[in-house]
Amino acid sequence: MKQKPLIIANWKMNLAGSEVDRWLEKFDANDPAVSQANVIICPSFVFLEKLAHHAKGTGLAVGAQDLYWEDKGAYTGEISGKQLIDIGCQFVIVGHSERRKLFGETDEVVNAKALSALQYRLRPIICFGENYKEKEEGQTKKVIVDKVRENFKDIRSTDARKVVIAYEPLWAISTSTEVEEPIADSPESAQVVHKLIRKTVAELYDDNVAKEIRIAYGGSVDSSNVASFAAMDDIDGVLVGGASKEASSFQSVVSEFVEKN
Ligand code: PGA
């Protein structure tokens, strides 16, 4: 029996006002499948407090989509881990490929953000994956091992076990512009990468940390393919973008994953 899966909804910059209320009305947070998983909703910053309030007493947890590494000061427009924890956040996504690509975030920045999150007892969800060119050139393994090493720099072993890794091949994300028609990775090839990530974590820390660390897959996951990812030994959860915008489709992703886990 595997650990409880982590099923993460990344709404990105979608849903506003009444759409959020409708989503919350439609999603059944008391469904038994929800209590058999760790279900994390990551809305835009402005809805975090509402979500945290709604999540109280349910099986849901709330995550932000980003943070800044300083705790306070003259950083107009930024939000700190200290502020996120204050409003009931438990998780924070760092280094999503859209932030790396559109906002120039480097591995150094991602690492600083992860370290800052951990300092405030927020669990970082560190995202990385190879791009299409790297995949085609057979560089995936090297890229992934380097990402683990660089993104985990200076993270102590007691903290490393709280980190969630999201393996997201860039070309598989449903809105990716790298390929004409993005499709999900095959569960078998994602499993190979997840196993490599776990091995790299074991080398950096030890077998216990590697066993405890949660590794989720992201990239065009929906209710039709999630069960085949759930069946893989080293896939501990999923990060869902497009299919999390509708409460009903995200609910199906949760039920399908839990059933297959
Ligand atoms: P997708 O997005 O599920 O729409 O492919 C995943 C992500 O970008 O996190």
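The following exercises, each with a worked solution, concern a predicted model of a single protein chain.

**Exercise 1. Overall form**

Determine how many helices and strands the chain has, and decide whether the chain is as compact as a globular protein of its length.

*Solution.* Begin with the secondary structure, which comes to 13 helices and eight strands. Next, take the radius of gyration of the chain, which is 17 Å, and set it beside the 18 Å that the globule rule gives for 261 residues; the two values are close, so the chain is as compact as a globular protein of that length. The extents of the C-alpha trace along its principal axes can then be added, and these are about 45 × 45 × 40 Å. Finally, consider the contacts between residues at least 6 apart in sequence, of which 71% join residues at least 24 apart.

**Exercise 2. Surface and charge**

State what percentage of the residues count as buried, what share of the exposed area carbon and sulfur atoms supply, and how far apart the mean positions of the positive and negative charges are.

*Solution.* Of the 261 residues, 51% count as buried. The chain exposes about 12,400 Å², and carbon and sulfur atoms supply 49% of this area. For the charges, take the mean position of the 32 positive ones and that of the 40 negative ones; the two mean positions are 4 Å apart.

**Exercise 3. Aromatic rings**

Classify the geometry of the aromatic pair formed by Y167 and Y217, and locate both residues in the secondary structure.

*Solution.* The count for the chain comes to nine aromatic pairs. In the pair of Y167 and Y217, the ring centres are 6.4 Å apart and the planes make an angle of 55°. Because planes under 30 degrees apart count as stacked and those over 60 as edge-to-face, with the rest tilted, this pair of Y167 and Y217 is tilted. Turning to location, Y167 belongs to strand β6 (residues 164-167) and Y217 to strand β7 (residues 214-218), so that the pair, with its members 50 residues apart, links distant parts of the chain. Both tyrosines, Y167 and Y217, are buried. Elsewhere among the aromatic residues, W11, W23, F27 and F250 form one cluster.

**Exercise 4. Positive phi outside glycine**

For K12 and D154, give the phi value and the loop, and decide for each residue whether it is buried or exposed.

*Solution.* Phi of K12 is near 55°, a positive value in a residue other than glycine, and K12 lies in the loop between β1 (6-10) and α1 (18-26). Its relative accessibility is 15%, and because buried means under 20%, K12 counts as buried. D154, likewise not a glycine, has a positive phi of about 65° and is found in the loop between α8 (140-151) and α9 (157-160). The relative accessibility of D154 is 59%, and because exposed means over 50%, D154 counts as exposed.

**Exercise 5. Two helix residues and their contacts**

Identify the helices that hold N111 and A52, and list which residues each touches when neighbours up to four places away in sequence are left aside.

*Solution.* N111 lies in helix α6 (residues 107-119) and counts as buried at 8% relative accessibility. With sequence neighbours set aside, N111 touches E150, N151, F152, K153 and I155. A52 is found in helix α3 (residues 48-55) and is buried too, with a relative accessible area of 13%. After the corresponding exclusion, A52 is in contact with V62, I87 and G88. As a last step, the C-alpha atoms of A52 and C89 are separated by 6.8 Å, although these residues are 37 residues apart along the chain.

Key: Residues numbered from 1 in each chain as written. Predicted model: local features only at pLDDT ≥ 70, side-chain atom pairs only at ≥ 80, totals over all residues. Heavy atoms only, no water. Helix = DSSP H or I, 4+ residues; strand = E, 2+ residues; numbered from the N terminus. Rg over C-alpha atoms; globule rule 2.2 N^0.38 Å. Buried < 20%, exposed > 50% of the residue type's maximum accessible area, 1.4 Å probe, protein only. Contact = heavy atoms within 4.5 Å. Areas by Shrake-Rupley, 256 points an atom, 1.4 Å probe, with all protein chains shown as cover. Lys, Arg positive; Asp, Glu negative; His and termini not counted. Charge placed at Lys NZ, Arg CZ, Asp CG, Glu CD. Phe/Tyr/Trp six-rings, centres within 6.5 Å; stacked < 30°, edge-to-face > 60°.
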